[in-house]
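Please take a moment with the sequence and the model shown below before reading on. The report after them is written for someone meeting this structure for the first time.

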Amino acid sequence: MLELHSVTRRFGANRAVDNVSLAIEPGSFVGVIGRSGAGKSTLLRMINRLLDPTEGSIRWNGRDVTQLKGAELRAWRMRCAMVFQQFNIVGRLDVLTNVLMGRLNHMSEPRSLLKMWRAEDKAIAISALDQFDMTALAGQRAESLSGGQQQRVAICRALVQEPDIILADEPIASLDPRNTRLVMDALLRLNRHFGITIVCNLHDLDIAKDYCGRLVGMAQGRVVFDGAPDSLTEAAARELYGLEADEAMTMIPASQPITGLQHAAAAA
Amino acid sequence: MSHATIRLPDHQIELLSAGYRRELAQRRRMALVGFVILMLAVLLSGFVAEVRPGVLFENIGKFTSYFGRIFYLDTGALVFTDIGEWFWGFWKWGKQLIDTLLIAYLGTLFGAIFAFLICFSAAINLTPQAGIRFAARRYLEFCRTVPEIVFALIFVVAFGLGPVPGVLAIMIHTIGALGKLFAEVVENIDMKPVEGIVASGGTRWQSIRYGVLPQVLPNFASYALLRFEINVRGASVMGFVGAGGIGQDLIEAIRKFYYSDVSAILLMIIATVMVIDIATERLRHRLITMEQGR
Amino acid sequence: MIPPRDLFPDRAAVSARHPAIMAGSRRAQIIGWALVALLVALTVLSLSRLEFSFARLGSGLVQLGTFLGLMIPPSPGAQLATFSKALAETVAIAFLGTLLAAILSFPIGFLAARNVMTNRVVQFMTRRFSDSIRGVDTLIWALIWINVVGLGPFAGVLAIMTSDIGSFSKLYSEAIESVDRKPSEGVISTGGSSLHAVRFGIIPAVLPVLISQTLYYFESNTRSATIIGIVGAGGIGLHLAEMIRTFEWDRVAFIILMVLATVALIDFVSSRLRLALVGQRTTPV
Ligand SMILES: Nc1ncnc2c1ncn2[C@@H]1O[C@H](COP(=O)(O)OP(=O)(O)O)[C@@H](O)[C@H]1O
Ligand SMILES: [Mg+2]
């Protein structure tokens with residue numbers, strides 16, 4: 001269980017995340033929604049400790065992770081893998097090496113620096129690629145791949161960390177609609193198959209409603225909505241997105257089943 | 001003859017050109033002030049540096065005659081008439097040139113290794129701690145600013161005569177010069193891959209090895225090669241202060257007026273530096289095209 | 001709690017299906033290790049040829065430690081005035097040497113630039129000429145000029161000037177070659193001669209670059225000027241060498257600090273001037 005207790009992060013006078021408290025159940029698929037600048041990225045980055053909270057604490061199974069340092073901090077980062085909007089893989093390395101980056105914390109440092117991978121780690125990396133039908137790309141330079149392929153490489157890297165949580169920061173914002181589905185389906189599969197908790201920042205309300213079991217809405221650093229996708233009313237969405245609300249809610253592609261919205265409309 | 005251009009009325013031209021002149025005059029005034037300051041500086045430093053153009057003009061003949069003289073053998077014959085006599089010390093000097101190259105090689109290699117280890121601490125994107133960064137930068141600055149021959153002078157006293165102090169002196173200077181360039185390269189990388197590895201639980205050196213290195217290695221290699229070329233030239237004078245290499249024989253030849261030896265050694269040094277220059281240039285070019293090709 | 005799970009149950013089978021990926025690229029590995037082996041072998045060879053030994057390094061470091069101890073606190077003794085005068089001389093040498101070199105290199109740069117000098121033979125000869133000059137270190141030039149004008153700072157000025165002509169000719173010609181061709185084409189198209197094209201099409205564009213590069217060299221020449229005194233060509237170097245030879249370590253440290261401060265000051269001044277004249281930071285590499 002991941003718990004945030006009154007977490008605040010300030011940049012100068014700006015409260016990017018403001019007094020957020022959340023509890024995230026193991027195995028859940030949580031979508032964090034809100035307009036750009038609401039503090040979603042800051043929230044996720046604090047969980048992985050790429051950023052430190054100014055106030056408050058983050059607990060994993062009762063243990064405070066905000067105080068971790070050194071090897072313990074790295075072990076925690078390994079448990080909560082990150083997936084980024086811009087993929088953050090190393091373009092000049094080949095795909096297999098990029099996936100092996102997720103195993104760095106599982107091997108001795110000198111060994112890893114000399115690139116002396118163990119057969120076990122390689123086997124794990126290859127079978128992660130195999131799960132996404134990407135073994136054929138193993139030897140290619142990562143920067144030569146399409147955006148969707150690069151994001152799936154990043155998800156493979158997250159997977160070989162054998163994480164308990166995957167924190168995905170707008171993983172589909174740089175992708176076309178087909179790749180959007182592929183990437184979200186990949187995350188969903190990890191969630192269903194392996195029970196990995198997914199916390200996913202999303203810009204797109206419809207995707208969020210399609211995939212997430214729970215939505216957390218943020219505005220100006222605060223949590224302004226927390227509940228099942230069905231219970232997100234139009235009024236709540238309006239508060240979340242402000243003037244962008246109409247845009248966010250009419251971006252629904254006609255071909256998709258509009259489950260969430262129909263419920264919301266029925267409730268209204 | 002008719003002109004297609006319409007000529008403006010004279011008073012308008014007058015008005016416009018007055019404005020143009022005003023602007024020009026202002027620029028001229030600024031240039032004049034700058035020129036006067038420059039001239040004052042020239043006069044002052046000419047006085048301090050005891051510049052005596054008279055001496056130069058009186059003796060400029062010596063400069064050309066010096067270059068004339070170094071191309072004559074003791075026998076009075078032109079050097080080209082007896083290459084064997086001119087390059088009588090070819091093997092001796094050749095060995096010393098090889099030593100010179102090895103001094104430059106070791107100095108560049110060890111300097112580059114230490115510069116590599118330090119440069120990440122001097123780069124703001126990998127070392128946000130101001131204290132560490134300040135220390136690393138000041139250290140590099142110190143290594144870079146003190147000329148290598150000064151280090152050589154001190155090291156000759158500490159380590160004894162020979163190539164050892166020469167290597168160490170070049171190494172220290174190389175640490176400073178390359179460390180700064182390396183740090184600048186590192187500061188210009190894309191940080192996203194590094195962040196990705198840190199977020200997976202990678203250590204500092206793991207994220208440098210896999211996130212930073214692939215991005216900077218071609219540039220690092222290119223700068224190190226460039227430095228090697230500079231260091232070969234630097235190593236050629238290490239012998240002046242007793243720190244090994246060809247410089248020892250060169251300064252002796254110049255001081256004792258062994259004219260033809262001076263030209264022979266200088267030609268060997270120039271040829272070596274040119275070969276190294278061309279070779280490193282080729283390699284650097286290959287590195288760059290390889291980088292863009294992939 | 002999440003039950004213990006195996007995320008990769010079929011990894012043995014999958015890796016068996018992809019032996020090539022498991023083996024990795026042998027060729028890249030072999031090339032990498034061969035390169036490392038070559039470097040290591042060359043290094044070991046050089047170290048032994050140049051008579052490196054742990055004993056020598058160890059005793060040298062101990063010596064160096066004692067010197068360092070004696071350097072503190074740095075002090076000029078009774079020679080502050082002498083040192084200051086010598087330092088002023090050093091700066092003057094660097095300034096005059098750089099200025100003279102810049103003036104003389106300006107035409108040479110054009111002669112060596114491919115886009116201006118259409119005569120290939122002249123262009124090639126000029127390039128080789130400047131390459132030869134650069135192949136000879138400043139200290140050597142100082143020794144040669146001492147033969148002409150005698151010991152003293154004037155020889156230093158000429159030495160700095162000569163060795164900088166080599167560097168400036170190359171830098172200037174490269175800057176001229178990389179200049180935008182459109183302005184000179186414009187001048188030519190209005191009926192101007194090729195000299196007009198140089199005067200109005202090229203010089204305005206390259207002048208700021210050349211000035212900036214020259215100012216950049218002023219700082220590095222100050223460093224060179226501190227050492228030419230070692231062979232008797234004026235400046236602080238003479239005193240520095242003297243103090244090292246007589247083991248006056250506190251004075252050595254003081255002189256080095258003076259040099260560091262002066263170079264920092266000149267760096268500051270020249271980068272301010274660059275900024276004022278050129279409007280932006282352009283550093284030649
Ligand atoms: N490194 C930073 N420095 C200063 N301000 C930041 C930084 N990162 C984010 N912010 C600010 O924090 C707020 C939240 O940003 P972010 O978490 O990126 O929002 P979101 O991901 O929801 O778009 C924004 O106002 C942003 O300008
Ligand atoms: Mg964001």
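What follows describes one interface between two chains and then the enclosed cavities, all in a predicted model.

**The interface of chain A and chain C**

Where chain A meets chain C, 23 residues of chain A are in contact with 15 residues of chain C. The size of an interface is often given as the accessible area lost when the parts come together. For chain A and chain C the buried area is about 1700 Å², and carbon and sulfur atoms give 66% of that area. Within the area that chain A buries against chain C, Lys122(A), Ile126(A) and Phe194(A) supply 26%, which is more than any other three residues.

Charged and polar pairings also cross this interface: the count of salt bridges between chain A and chain C is 2, and 3 residue pairs are found in polar contact, with both residues of each pair at pLDDT 80 or more. A salt bridge joins the side chains of Asp130(A) and Arg17(C), with a distance of 3.7 Å from N to O.

As for the elements involved, helix 5 (119–131) and helix 6 (147–160) of chain A each supply at least two residues of the side of chain A that touches chain C. Helix 5 of chain A gives the most to that side, with 10 residues. Sorted by class, the side of chain A that touches chain C has 13 nonpolar, 5 polar and 5 charged residues.

**The cavities**

The count of cavities of 30 Å³ or more comes to 2, and the table sets out their volumes and the classes of their lining residues.

| Cavity | Volume | Classes of lining residues |
|---|---|---|
| Largest cavity | about 60 Å³ | 7 nonpolar, 1 polar, no charged |
| Second largest cavity | about 40 Å³ | 2 nonpolar, 5 charged, 1 polar |

The largest cavity is lined by residues of chain B and chain C, namely Val146(B), Pro147(B) and Val150(B) together with Thr226(C), Ile236(C), Leu240(C), Ile256(C) and Val259(C).

Which residues line the second largest cavity? From chain B come Glu229(B), Arg233(B), Val273(B), Met274(B) and Asp277(B), and from chain C come Asp131(C), Arg134(C) and Gly135(C). Helix 9 (204–235) and helix 11 (259–293) of chain B, along with helix 6 (120–135) of chain C, each supply at least two residues of this lining.

Notes
Residues are numbered from 1 along each chain as its sequence is written. Chains are lettered from A and ligands numbered from 1 in the order in which they are written. This is a predicted model: local features need pLDDT of at least 70, side-chain atom pairs count only at pLDDT 80 or more; totals for chains, interfaces and linings use all residues. Side-chain values use heavy atoms; hydrogens and water are left out. Contact means heavy atoms within 4.5 Å. Buried area is the accessible area (1.4 Å probe) that two parts lose on being put together, summed over both. A salt bridge is a side-chain nitrogen of Lys or Arg within 4 Å of a carboxyl oxygen of Asp or Glu. A polar contact is a pair of N or O atoms within 3.5 Å; within protein, one must be able to donate a hydrogen and the other to accept it, and residues adjacent in sequence count only if both atoms are side-chain atoms. Helices (H or I, at least four residues) and strands (E, at least two) are DSSP runs, numbered from the N terminus. Ala, Val, Leu, Ile, Met, Phe, Trp, Tyr, Cys and Pro count as nonpolar, Asp, Glu, Lys and Arg as charged, and the others, Gly among them, as polar. On a 1 Å grid over the protein atoms alone, a cavity is a set of points where a 1.4 Å probe fits but cannot get out, and a pocket is an open set with protein on both sides within 12 Å along at least five of seven lines; lining residues have an atom within 4 Å of a point. Grid points are joined across faces, edges and corners, and a volume is the space filled by probe spheres set on the points.
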